[in-house]
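Open the model in your viewer and keep the selection tool at hand. We will go from stop to stop, choosing what to select next and looking at what is there.

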Amino acid sequence: MSVLRAIRRNPQVLCRSLIARSASSLTDGETRLTRVLQEKFPRASSLKVVDISGGCGAMYEIHIESDEFRGKRIVQQHQLVNQALKDEIKAMHGLRIFTDVPRK
């Protein structure tokens, strides 16, 4: 059976496989930062951490959407993320932060 035919017959298996692979392909740094941010922002509706340094952990990009940012200016939102990652930031070269508030 061809791969394409297998996908057509059971797309859920492929989706589960891709999700498992993407979750397991996170670097140690991405996993660590994600865990810290999930603890600090438990109401986050969306969170993505990406090592943009090629896997060496020198620079990360963070996208986080949380109701905890509601009513705060962007600079205040970024300060909250920086504060949450204060220990981890010491070992980084750079950090890109993108924050947002969930739409109601």
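Begin with the sheet: select strand 2 together with strand 3 (residues 94–100), a parallel pair joined by 7 bridges. Keep in mind throughout that this is a predicted model. Within this pair, Ile64 stands opposite Thr99 of strand 3.

Now add strand 1, residues 44–51. Strand 1 runs antiparallel to strand 2, and 7 bridges join the two. To see one of the pairings, pick Val50 and look across to Glu61, its bridge partner in strand 2.

**Next stop: Ile64**

Select Ile64, which lies in strand 2. Is Ile64 buried or exposed? Its relative accessibility is 2%, so Ile64 counts as buried, the limit being under 20%. Show the surroundings and leave out neighbours within four places in sequence: Ile64 is in contact with Phe41, Ala44, Ser46, Leu47, Phe69, Val81, Phe98, Thr99 and Asp100. For one of these, try a distance label: the C-alpha atoms of Ile64 and Leu47 are 4.5 Å apart, although their positions lie 17 residues apart along the chain.

**Next stop: the nonpolar core**

Now select Leu37, Phe41, Ile62, Val81 and Leu85. In the largest nonpolar core, which has 15 residues, these five touch the most other members. Colour helix 3 (28–40), strand 2 (59–66) and helix 4 (74–84) as well, since each of them supplies at least two residues of this core. As a general backdrop, nonpolar side chains in soluble globular proteins tend to be buried together.

Centre the view on Leu37. Beyond its neighbours within four places in sequence, Leu37 is in contact with Leu47, Val49, Ile62, Val81, Ala84 and Leu85.

**Next stop: helix 3**

Select the whole of helix 3 and label its end C-alpha atoms. They are 19 Å apart, which agrees with the 18 Å that 13 residues should span at 1.5 Å a residue. Which residues of helix 3 are buried? They are Gly29, Glu30, Leu33, Thr34, Val36 and Leu37. These residues cover an arc of only 165° around the axis, so they sit on the same side of helix 3. Turn to the other side and you will find Asp28 and Glu39 exposed. Back on the buried side, the residues pack against strand 1, strand 2, helix 4 and helix 5 (86–89).

Pause at Thr34, another residue of helix 3. Thr34 is buried, at a relative accessible area of 15%. Apart from residues up to four places away in sequence, Thr34 touches Leu47 and Val49.

**Last stop: the salt bridges**

How many salt bridges does a search of the whole structure find? There are 4, and three of them are worth a selection here:

- Arg70 and Asp67: their side chains meet at 2.7 Å, N to O. Arg70 is partly exposed at 36% relative accessible area, and Asp67 is partly exposed at 29%.
- Asp100 and Arg103: the closest N and O atoms are 3.3 Å apart. Asp100 is partly exposed at 30%, whereas Arg103 counts as exposed at 67%.
- Lys90 and Asp87: the side chains meet at 3.8 Å, N to O. Lys90 is exposed, with a relative accessible area of 70%.

Before you leave, select Asp100 and Ile64 together: Asp100, the partner of Arg103 in a salt bridge, is also among the contacts of Ile64.

Methods: Residues are numbered from 1 along each chain as its sequence is written. This is a predicted model: local features need pLDDT of at least 70, side-chain atom pairs count only at pLDDT 80 or more; totals for chains, interfaces and linings use all residues. Side-chain values use heavy atoms; hydrogens and water are left out. A nonpolar core is a set of buried Ala, Val, Leu, Ile, Met, Phe, Trp, Tyr and Cys residues joined through side-chain atoms within 4.5 Å. Buried means under 20% relative accessible area, exposed over 50%, partly exposed in between (1.4 Å probe, protein chains only). Helices (H or I, at least four residues) and strands (E, at least two) are DSSP runs, numbered from the N terminus. Contact means heavy atoms within 4.5 Å. Two strands pair if DSSP finds at least two bridges between them. The expected span of a helix is 1.5 Å times one less than its number of residues. The arc is that of the directions from the helix axis to the C-beta atoms.
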